[in-house]
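User: I'd like a close look at one part of this model, the surroundings of a single side chain. Start from that spot and then work outwards.

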Amino acid sequence: MSRSVRFGDLDIRGEQDLTRDRVAASLRDRGIPAVVGVDGERILVRVAVDASRRVVVVGTDGGLTAVEPSPIIAGLAEEWCADVTLEQGPAVLATSACGGRRGRTSARGAVEDVPVAVLVVGGIVPIDPKRRRGLAAQLECSLSVLPAGDMHLVQTHGEAQMDWPSAQRPVVRLTKTAVALTVEVYSRAALDDEPAEARWAMRGIPDLTLSWRTRWEPVLTGVGEIAEVQRMMGRADVTSSTFRGERDPQPALAELGADAAALDTLREHPNDDTLLGAVVSTLALPTQTTTLLRGRAVIDDLPGAQHIERTSMGRAVWDQTHSTGASFWTRVIRRLRGSRPADDEGPGDRGRAGPS
């Protein structure tokens, strides 16, 4: 059974007092192998389904078997007084038992979880600060750039228009929230392998995406086949976005100094406080990536950083508000060197003042 198991996601809406523990208890009582997580106020559930989209449950003999999903979904909706939707690929099965309580939300209120994103650009990015304005025009937003060895770290100020020509690749975009991490890879191989008519579209599409949606917790404590299925459900998702279907991820990984075996090991890594470090290490990304994603530093305060405003008006405002003082790191360097401010216009000064 485990060889044919696929995964479906339950979307639960409408119950005021629903908790992760209550959801897990309901699934446990029905013998459904599943993993449960939380994203803010939203409870996420992943269950096992077979190739015919039937729900996998524990049979009377302790092994896994498959049953029709409709009675199970209807029973869960009634118990939770909720809208319940089971999605597995293009198939959607939905039922509702909310009645007059439809639309009620948690009295606790949603906790705002603002995603933090960092772009790691490994291809050709102009070293001359005067030429980096072109990157802001390319991404259609203001940004900050930090050289890090043979790579550049970029944080955008506003929604960026992803557009990465082959010469600037590989590019890795990491997006982190309190419980989720998404890694998107834009490789040179993805553009080189596509026909000419598809390359323009692929410039803005990651060809490899690795994502941990939440911190999953298994529902059943069984061993053997049951434990294996739940372990599989907790793995990171990997998707390939190309115009020619699934592709071997090895060429994209090779551009980052990794391989398929390293990717598989990374997928098994638990979504805990050490995950980000494992991703950075596996993909050979600069260590500053972790610092920025965890909010331990502001990119514009790091040595060598340059803030680039997309418009002339924005540059004028930035110059007025940031030209009076050197960055924290520049002041530290000056003290260590024992030099006077007038004698040292280091990269931190130039970066804070914006492009000349």
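Leaving aside its neighbours within four places in sequence, which residues is L27 in contact with?

Analyst: Quick ground rules: this is a predicted model, where local features need pLDDT of at least 70 and side-chain atom pairs count only at pLDDT 80 or more, while totals for chains, interfaces and linings use all residues. Residues are numbered from 1 along each chain as its sequence is written, and side-chain values use heavy atoms, with hydrogens and water left out.

Now to your spot. Once neighbours within four places in sequence are set aside, L27 touches L10, I32, A34, V36, V45, L76 and V219; contact here means heavy atoms within 4.5 Å. Widen the view and L27 turns up again in the largest nonpolar core, a group of 36 residues where L10, V23, L27, V36, V45, V47 and W80 have the most contacts inside it. The elements giving that core two or more residues are strand 1 (6-13), helix 1 (20-29), strand 2 (34-39), strand 3 (42-49), strand 4 (55-58), helix 2 (69-80), strand 6 (83-88) and helix 6 (225-233). Strand 3 puts in the largest share, six residues. There's a second, separate core of 33 residues, with L153, V172, V183 and L276 among its members. For the terms: a nonpolar core is a set of buried Ala, Val, Leu, Ile, Met, Phe, Trp, Tyr and Cys residues joined through side-chain atoms within 4.5 Å. Buried means under 20% relative accessible area, exposed over 50%, and partly exposed in between (1.4 Å probe, protein chains only). Helices (H or I, at least four residues) and strands (E, at least two) are DSSP runs numbered from the N terminus.

Strand 3 deserves a bit more time. Seven of its eight residues are buried, so the rest of the structure largely encloses it. Strand 1 pairs with strand 3 in the antiparallel sense over six bridges, and strand 2 pairs with strand 3 antiparallel over six bridges as well; for two strands to pair, DSSP must find at least two bridges between them. On the strand 1 pairing, D9 has R46 of strand 3 as its bridge partner. On the strand 2 pairing, G37 stands opposite L44 of strand 3. Strands 2 and 3 form a hairpin with two residues between the strands, and G40 there takes a positive phi near 65°.

Helix 2 is another of the core's contributors, and the loop between helix 2 and strand 6 holds C81. C81 isn't a glycine, yet its phi is positive, near 50°. With a relative accessible area of 14%, C81 is buried. C141 is buried too, at 5%. The structure holds zero disulfides, counted as pairs of cysteine sulfur atoms within 2.5 Å. E140 is another non-glycine with a positive phi, about 60°; look for E140 in the loop between helix 3 (133-139) and strand 9 (142-148). E140 counts as partly exposed, because its relative accessibility is 42%.

Back to the second core's L276: it is buried in helix 9 (residues 275-282), along with L275, A278, V279 and V280. The buried residues of that helix pack against strand 11 (171-176), strand 12 (181-186), strand 13 (208-212), helix 8 (260-268) and helix 10 (288-293). Just past helix 9, A284 has a positive phi of about 55°. Ahead of strand 11, the loop coming from strand 10 (151-157) contains P170, and the R169 to P170 peptide bond is cis, with omega near 10°.

Zooming out, the protein has 13 helices and 16 strands, and 45% of its 356 residues count as buried. Among contacts with a separation of 6 or more, 66% join residues 24 or more positions apart.

How far to trust all this? The mean pLDDT (the predictor's confidence in each residue, from 0 to 100) is 82, and 81% of the residues reach 70 or more. Residues 102-110 fall below 50, and that stretch has twelve contacts in the model beyond near neighbours in sequence. Residues 339-356 are also below 50, with 39 such contacts.
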